[in-house]
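Let's take a walk through this structure together, starting at one residue and moving outward from there. Keep the 3D view open as you read.

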Number of protein chains: 2
Amino acid sequence: MYGIFSYDIASPRVGYRHGDFILDLETVALLGYFNPLNINPSVFAQPVLNPFMALGRATCRAVSNRIGELLANNEDALREVHDQVLIRATRATLHRPVHIGDYTDFYAGIHHAEHVGRIFRPDGDPLLANYRHMPVAYHGRASSIVVSGTPIRRPSGQVLNADKQPEFRPSAALDFELELGLVIGKASPLGQPVPIDEAEDYIFGLVLFNDWSARDIQRWEYQPLGPFLGKNFGSSMSAWVLPFHELEPVRCAGPEQHPRPLPYLQPSGPGHFDIRLEVWLNDACITRSNARYLYWSFAQMIAHHTVNGCNLNVGDILATGTISGPTPDESGSLLEQSWNGTRPLTLPDGSTRTFLLDGDRVTMRAFFAPDGHRQELGEVTGRIVG
Amino acid sequence: MYGIFSYDIASPRVGYRHGDFILDLETVALLGYFNPLNINPSVFAQPVLNPFMALGRATCRAVSNRIGELLANNEDALREVHDQVLIRATRATLHRPVHIGDYTDFYAGIHHAEHVGRIFRPDGDPLLANYRHMPVAYHGRASSIVVSGTPIRRPSGQVLNADKQPEFRPSAALDFELELGLVIGKASPLGQPVPIDEAEDYIFGLVLFNDWSARDIQRWEYQPLGPFLGKNFGSSMSAWVLPFHELEPVRCAGPEQHPRPLPYLQPSGPGHFDIRLEVWLNDACITRSNARYLYWSFAQMIAHHTVNGCNLNVGDILATGTISGPTPDESGSLLEQSWNGTRPLTLPDGSTRTFLLDGDRVTMRAFFAPDGHRQELGEVTGRIVG
C-alpha cells in the first residue's frame, strides 16, 4: 500500500507499507533500485501521491512489481541499505495521501438505501424509482477530507427541536458511514464518457472511507438539494492506498441486477470484490459487512459519472456510499443499527449508544483473503471531540 | 478586474483588464512599478490567480490602488513602457482564472426557488420549510467549470420517456442559470466557523457564473441526494474577476427576512449589492435581473457554509444560485421563462424556445452604476454544441 509519511527531519514523501516498516521510495529510487523503470526520483519526494499516480497504470504496476522483488526473501536485495530505506512505522507521521480534486459520494449500498427508506418512508417503497436504474450519487466536500487519526469535532448547526422549530446547537445524532473510496489515477477529458469496460483503468487504488454524518442537521437541510452541512464538517480516509490490481484475486460477481441496466452500465465481466469490512466502536466490533453487498460496481460508478461528459482528474475520490449487509449487525451506520435512535445498541462495557458520544473512537478495518492469506487495507480511525 | 491571459509566446499570466487592453502585471512588477509593495513578481507569472489572492486582502487592495494610479491620467505613468505592459485584448487568449478547490452552489434567489416550487409542487407551499431559515446549498463539481467562451457539449443521460421508463439520450431540456460566483481569497481552518461580520473578508472577488442544467436528467436522478449529472457536465465562469471592494458604492439592503434568522446569520449591516444582470440568448436580451433579488447575502452564505466547521480554501467558488426577479422577463433560467416548457419564448427572429437548441449562444452580462458611471463585470458566454 502506498501513502505519504514524514519522519525525523524528513519531509512528507511517498512510502510503501511493509508490515511494521515503511519503505522510503525516494531513497530507494535515489539508490538506483528503480533505474530499469526510468522514473524521476522526484515523484517520490512529493507530499501527495498525485505525481506518482499520474505516471500511469503500467508504470505504477511496474513499481509495485519491483518493490515486490526488493522485499521478497526477507529483503535480501535491500540488506545493505536496510536502515536507510526501511523506516519503522512507529517513527512516522502519516499524511493525507492525495491532493483531492473532487469528491463524489455514491449511494451504491442497496441494503443501506433500503434501511434508510424504511426508516424515513415507512409506508412507501423503501427504494426510490431510480435506484435500480443508476448509481445515484452526489458531490461532497473535498477540503474537509482528513487522514485517518485526525480528531473529528462534533459539528453544530440548525436542527429542529421538539416543537419543530430550528435551533442552533451541537449535533445530537453524529454517525459514521462505512465506505470504500476509489482513488482516481487517470484523467478523463471533459466531454468524453468513459466506456464501462475501460472504467477500471481509471482506478489507482482503494481506501477505507468514513463519511461522518450529522443526521439531525442533514434531516432539516437536505430538501431539495441534498446533504450539505450534515456531511461537510469532515470525512476520514485511510492513510494507505491499496493498489487496485492487488484485488484481482477476490474479484467476484455482484448481486443480480433487475431490471437490467441501460447498455452504458452493462459490463462484460464481474466487477465486485470480496472485501470483508469491520467497524469498531471503541473496543467493540459492532459491524461486519462486505464490499460484495454493493449493488453497483466500481466500473458502473465511473461509467455513470462520466456518461454526460463530466471529467475526472487524478486524485479525485469516488466513495461507494454506506456498505451495509441485510442484517442489523451488518449495518454500516448507527442510523441503521439503532433504527434512527429507537433501538439503542449495547456495548460490551454495558453502555448504550444511539449515536456517537464525545470521546468515542470509530475504527474501520478491511481485509481480503483470497487463499486464506489475510491482506489488510489501510484502516481509518477517528475520535469524536466536543 | 483580474484574470489570466496569454498572448503570442507569453505563457498564461495575471492581467488586469483596462478597457480594450490588458495590463501585464508580471511585466509591471519586473519593471519596478510595484516595488513599494514588496511583492515577488513571480505571483503574477502564474497560470492562476490563487498565489496572488493568497497574499491577502490588504496586499491585493494595495495592488489595485497602485494599478489605479498607474492607469490614471491616460496612463501617463506608463507612457514609456506602454507597448510592453498594455496588451490589446484582441491579441490575448483568456484562461480559467482560478484553480478551484471546491465549488458550492447556493439556492439564494428566492424568486427562482418560488418559481421552481410552483412548477414542480403546484399544490404545496412553493418554498420548502427550511428556505427562510438557512441559505440552502449543495456541492457542485469543480473539475468541469470552464472559462467563458468554452463551448458546452449537450450532455446525454438517463431521462424518463413518455411511458415513464428511463432511456439514454441527449438532454432535451438544456438550460442556463444566471448566477454570481464568489471567489474565496482567504482560507478558514477546519473546525472554525467564520463569524458573519468577518465573512466578507474571505471574498476576493466576483464572477458571473452560468450553471448549465439538463432539467430532464436532473428530474430523474435528483432524489434523494440532489443534482448530479444534470449539472456536472459543465459550468461557465467569466474570465475576469471583479475585486470585491469595487462593489462598495452599490452596497444596499436586501429583502426583509421573516422569520428573523438565527443569530449566526444576523449581520450588523447591509450585505446586498445593486448589480444589474442580463441574459442574452443569441442576439436578444431575454432577462434583466438584479443581485438585490437574492434573499440571502454573500456574508450569510459564508457564515452558514462554515458554521459546522467546514473549511474554505483560496480559490473555492461559492455561487449564489439562480437570480430571478418576480416577473417572467426577470427569470434567470428558461425553466422559469417557459414555465417548464409549457409557454415557449418567442425570439426577435421569430423562432421559439422552451429550452436551448444546438448552436444557441447564451451570454450573461452584469454592471453597476453607482453614480451613473457604468462599470461592467466580466461577461460569461458559451455556445451549445451537439
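A good place to begin is A:K231. Leaving out residues up to four places away in sequence, A:K231 touches A:Y138, A:E177, A:D211, A:W212, A:S213, A:R215 and A:Q218, where contact means heavy atoms within 4.5 Å. With A:E177 there is also a polar contact, side chain to side chain, at 3.0 Å. A polar contact here is a pair of N or O atoms within 3.5 Å; within protein, one must be able to donate a hydrogen and the other to accept it, and residues adjacent in sequence count only if both atoms are side-chain atoms. A:K231 sits in the loop between α6 (215–221) and β16 (235–237) of chain A; helices (H or I, at least four residues) and strands (E, at least two) are DSSP runs, numbered from the N terminus. Its relative accessible area is 8%, and A:K231 is buried, a word that stands for under 20% relative accessible area, with exposed over 50% and partly exposed in between (1.4 Å probe, protein chains only).

Before going on, a word on the basis of all this. The model is predicted: local features need pLDDT of at least 70 and side-chain atom pairs count only at pLDDT 80 or more, while totals for chains, interfaces and linings use all residues. Residues are numbered from 1 along each chain as its sequence is written, chains are lettered from A and ligands numbered from 1 in the order in which they are written, and side-chain values use heavy atoms, with hydrogens and water left out.

Which residues does the UniProt annotation "binding site" cover? The unreviewed entry gives A:D211, A:K231 and A:S235. They span 25 residues in sequence, yet no two of their C-alpha atoms are more than 7.6 Å apart, so they gather at one spot. UniProt positions are given in the numbering used here, feature names are shortened, and annotations may be inferred rather than shown by experiment.

A:D211 belongs to the loop between β14 (203–210) and β15 (213–214) of chain A, and is buried at a relative accessible area of 1%. Setting aside neighbours within four places in sequence, the contacts of A:D211 include A:Y103, A:D105, A:E177, A:E179, A:K231 and A:S235.

A:E179 leads us to strand β13 (residues 178–184) of chain A, where seven of the seven residues are buried, so the strand is largely enclosed by the rest of the structure. A:E179, A:G181 and A:V183 point one way from β13(A), and A:L178, A:L180, A:L182 and A:I184 the other way. β13(A) pairs with β14(A) in the antiparallel sense over seven bridges; strands count as paired if DSSP finds at least two bridges between them. In that pairing, A:I184 stands opposite A:I203. Strand β22 (residues 317–319) of chain A also runs antiparallel to β13(A), joined by three bridges, and there A:L182 faces A:L318.

From A:L178 we can step to A:S289, one of whose contacts is A:L178. A:S289 lies in strand β21 (residues 284–290) of chain A and is buried at 6% relative accessibility. Its side chain reaches the backbone oxygen of A:I323 at 3.0 Å.

Last comes helix α5 (residues 110–120) of chain A, in which eight of the eleven residues are buried, so the helix is largely enclosed by the rest of the structure. What covers those buried residues includes α8 (334–337) of chain A.
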